Amino acid sequence: MQIFQPDADQRAFRDALGRFATGVTIVTVPSGDGPIGITANSFASVSLDPPLVLWSPAKSSRRFKYFETAPHFAIHVLGQEQQPICGGFAKSLSAFDGLQVTQNEHNVPLIGGCLARFECQLETTHDAGDHLIILGRVTRAALRDGAPLVFSGGEYGCFTNGL
C-alpha cells in the first residue's frame with residue numbers, strides 16, 4: 001500500500017479517491033442562457049426527514065456560476081445505458097439535444113428516462129475548499145428499474161449482482 005501526504009501529492013490523492021466507485025448524475029438548472037447541465041459524481045443522500053441530498057460542484061468549473069445560487073435544480077441518476085448522456089454534459093454546457101426533456105414549474109430541465117430523478121429546492125450551501133457543497137431539499141422524486149452507471153478509477157462500468 002502506497003502511503004503519501006495528500007497536500008503534497010494531489011495526483012496520488014485523486015487516484016486514491018478514484019478507488020471509491022460512485023454513481024453518475026447530471027445536475028440541471030434553468031438560466032438566462034437556457035438550460036444548463038453538468039456531470040457530477042459527488043451526489044449523496046443526507047436525510048430522510050426532511051428529505052435532503054447534496055452534491056458538490058468545483059468552483060473552477062465554467063458552469064459553477066449557474067449552480068452556486070440556483071434556487072431550484074434537479075439531480076438525475078443515470079442508468080448504465082446512458083453513458084453517452086454523461087459524456088455530452090461533461091463536454092458541453094448544454095447537451096440537451098436529442099434528449100427527452102421537460103420542465104417543472106420552476107423551469108428546471110428534467111431529463112426523461114433516468115434511473116432516478118430528484119427535484120430540489122436549495123436548502124443551504126457550505127464552502128468546501130475548491131468545491132461548494134450544495135444541500136437540496138427534495139420536493140419530488142421519480143425512479144425506474146434498471147442498473148446504474150458506475151464510475152471508478154477514471155472509467156465507467158456497471159454494477160453486477162451475484163459476486
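These exercises walk through cysteines, cores and a pocket in a predicted model.

Residue numbers start from 1 along each chain as its sequence is written. In this predicted model, local features need pLDDT of at least 70, side-chain atom pairs count only at pLDDT 80 or more, totals for chains, interfaces and linings use all residues, and side-chain values use heavy atoms, with hydrogens and water left out.

**Exercise 1. Find how many disulfides the structure holds, and place C114 and C120.**

Step 1. A disulfide is a pair of cysteine sulfur atoms within 2.5 Å. The structure holds 0 disulfides.

Step 2. Take C114. The nearest cysteine sulfur belongs to C86 and is 11 Å away.

Step 3. Take C120. Here the nearest cysteine sulfur is that of C114, 13 Å away.

Step 4. Check burial (buried: under 20% relative accessible area; exposed: over 50%; partly exposed in between; 1.4 Å probe, protein chains only). C114 has 8% relative accessibility, so C114 counts as buried. C120 is buried too, at 3%.

**Exercise 2. Describe H72: which element holds it, and what does it touch?**

Step 1. H72 sits in strand 6. Helices (H or I, at least four residues) and strands (E, at least two) are DSSP runs, numbered from the N terminus.

Step 2. The relative accessible area of H72 is 18%, so H72 is buried.

Step 3. List contacts (heavy atoms within 4.5 Å). Leaving out residues up to four places away in sequence, H72 touches V29, P30, H106, V108, C120 and Q121.

**Exercise 3. Map the largest nonpolar core.**

Step 1. A nonpolar core is a set of buried Ala, Val, Leu, Ile, Met, Phe, Trp, Tyr and Cys residues joined through side-chain atoms within 4.5 Å. The largest one has 17 residues.

Step 2. Among the residues with the most contacts inside this core are V27, W55 and F73.

Step 3. Elements giving two or more residues include strand 2 (25-29), helix 2 (64-67) and strand 10 (131-143).

Step 4. Look at W55. Beyond four places in sequence, the contacts of W55 include V27, F67, F73 and I134.

Step 5. A second, separate core has 11 residues, including L78 and F96.

**Exercise 4. Which element gives the most to the lining of the largest pocket?**

Step 1. Helix 1 does, with 6 residues.

Step 2. Helix 3 (83-91) and strand 11 (149-152) are among the elements that each supply at least two lining residues.
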